[in-house]
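Trainee: I should like to learn how to read backbone angles and helix faces in a model. May we work through some cases together?

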Amino acid sequence: MPLTLAIHPITEIRFAERFLLDGTVVFVDIDELRRLVLEDSAIASVDFQIARPGESCRAGPVFDIVEPRAKSPGGSPDWPGILGAPETAGHGTTHVLEGAAVTVLREQSPGESRGATGYVLEMSGEAGDVYVTDMRLLHSPGPTRIPDEVVNAMARQPTDLADARLPLLIGACESGMKALLQTERAEVFFYAANGHGGWEAVIANLVAPGAAVLVPGTGHFSDGWAEQVEAYGGVAVRTPYREGFPIDPAAVEAALRDDTAHRIGAVFVVHTDTASSTTCDLVALRAAIDAARHPALFVVDVVASLAAAPFAMDALGIDVVIGASQKGLMVHPGLAFVAADERALAFARANPTPRFYWDWQRRQSPLSYRKFCGTPPLAHLAGLEAALALIAHEGLDEVHARHARLARAVQAAVTSWSEGGALRLFTQVPAARAVSVTAIEVAPGIDPEAVRTVARERFQVAVAGGLGPLAGRVFRIGHMGDVNEAMVLGCLAGVEAALHVEGVACGRNGVDAAIAALVEAAR
Ligand SMILES: Cc1ncc(COP(=O)(O)O)c(C=O)c1O
């Protein structure tokens, strides 16, 4: 009889997967394990081992039994020994392995559990029955799913740095990014970094110690960026953040009008706050800066909106844009970019603060080694080139339209679920609801992490949790990058099923509502 084993946490899954090659592994029945553990009070931990048939077992993760059995006499619906420590349980996942052996260890003396074999469950089981985690729908708002074209491009062998193909690759990334940003006047700088690296690049170039920037409040990510400014000795002037609402242009205008001495050098705006799924109105913010007659640079973080929401750097009068590879750009995490116009470059040149790696001036060079302040991140550039080609092939307008359509489907589903009274769309202003991610607020008493865990473990749909002050209050569905109708419907079905498993009061028609929105869009 094939048996099933639940393995936690996810890092250990990855460890286990190293041995999943050739379909060699098996399954342990969790009920069988539970029965053994409940019956035998000497068992202190469960050691999970995998071996190819005929090979000796290799050590796998060890799961401590974290709650005394006395608390669950006769068996608990939950088996804490498998679930691991509570803080890791949220990252847990269920995995089915074929061809493995599982060892339940007896504790022989206090503290000694490894190597004391009590039960060995030798599994047989047919090969080819392995759950592949790639089949899980990834609906986190970054990292997002990566198209095969990008995966393949990133798997290419590196070239040497004198290879004539390298400047072509870099040139394609630069011109593709400019087309995507819709700028002819900005220069693009790439960094082997994540989004925080992009923030750091902007701060290092534009914010001298003691200099001020205005960071309008839009939630978790404006807070993070402001903190980073302060860590560099800058002064972050914040506007108030109202939960569920976008940046208030009037507050921005007022803060700039108050700054009669023009101490504020730049306005740092997060276009889409990924934590709250709220998008601000960049046209209104540009107008607010102009209405205040303030010379501050307009700097925009498009990490969670680029290649999803319409954006045009030059037309919007934006001086600096920062972004990262792992969201709408559909590339592995690890590549950040900054685009800066001449006004911003001049501002940076006048900033005497020491800097090196991030320095725009140093990177303004035709030499690829200088452009990247060292060896270029070749795999990421190859991935970006492929991703930009996919976006260009689909057409930017169509990419934006697809994101808007899919976002409406997700919002329709959540609106339908909300009828049960336990959930609601976090962003209160419909026009400010992001096209790339949707935060769903749950009523007090509902654990969004439990919903996430069930969605991932039982229904193979990975969604995100709440960040910062929204932790435990929301879960988030990402719908940006390489997504289509079928993926979104699959995701919504998995989430709806998880909500029902968790007993959350919600209607059963969320997926129907999403289909109706998509049908409407198809007419
Ligand atoms: C809007 C926004 N800005 C910045 C960041 C920081 O990016 P990273 O996590 O790659 O450092 C994120 C991350 O999700 C983000 O969503």
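Mentor: We shall discuss backbone geometry and then one helix. Please bear in mind that this model is predicted.

Trainee: Which residues does a cis peptide bond join?

Mentor: As a general rule, most peptide bonds are trans. Here, a cis bond links G142 and P143, with omega about 0°. P143 is located in the loop between β7 (137-139) and α5 (148-154).

Trainee: Which residue in the loop between α6 and β8 has a positive phi?

Mentor: In general, most residues other than glycine have a negative phi. Q182 is not a glycine, yet its phi is positive, about 55°. Q182 sits in the loop between α6 (165-181) and β8 (187-191). A307, also not a glycine, has a positive phi of about 65°, and its loop runs between β14 (297-301) and β15 (320-324).

Trainee: Is A307 buried or exposed?

Mentor: A307 is buried, its relative accessible area being 2%. Q182, by contrast, is partly exposed, at 37%.

Trainee: Which residues of helix α9 are buried?

Mentor: In α9 (residues 249-258), they are A251, V252, A255 and L256. These residues span an arc of only 130° around the axis, so they lie on the same side of α9. The general idea is that an α-helix has 3.6 residues a turn, so residues three or four places apart point the same way.

Trainee: What do the buried residues of α9 pack against?

Mentor: They pack against β9 (212-215), β11 (264-270) and α10 (282-291). At the start of α9, a side-chain oxygen of D248 comes within 3.0 Å of the backbone nitrogen of A250.

Terms used. Residues numbered from 1 in each chain as written. Predicted model: local features only at pLDDT ≥ 70, side-chain atom pairs only at ≥ 80, totals over all residues. Heavy atoms only, no water. Helix = DSSP H or I, 4+ residues; strand = E, 2+ residues; numbered from the N terminus. Buried < 20%, exposed > 50% of the residue type's maximum accessible area, 1.4 Å probe, protein only. Arc of directions from axis to C-beta. Contact = heavy atoms within 4.5 Å. Polar contact = N/O pair within 3.5 Å; in protein donor to acceptor, adjacent residues only side chain to side chain.
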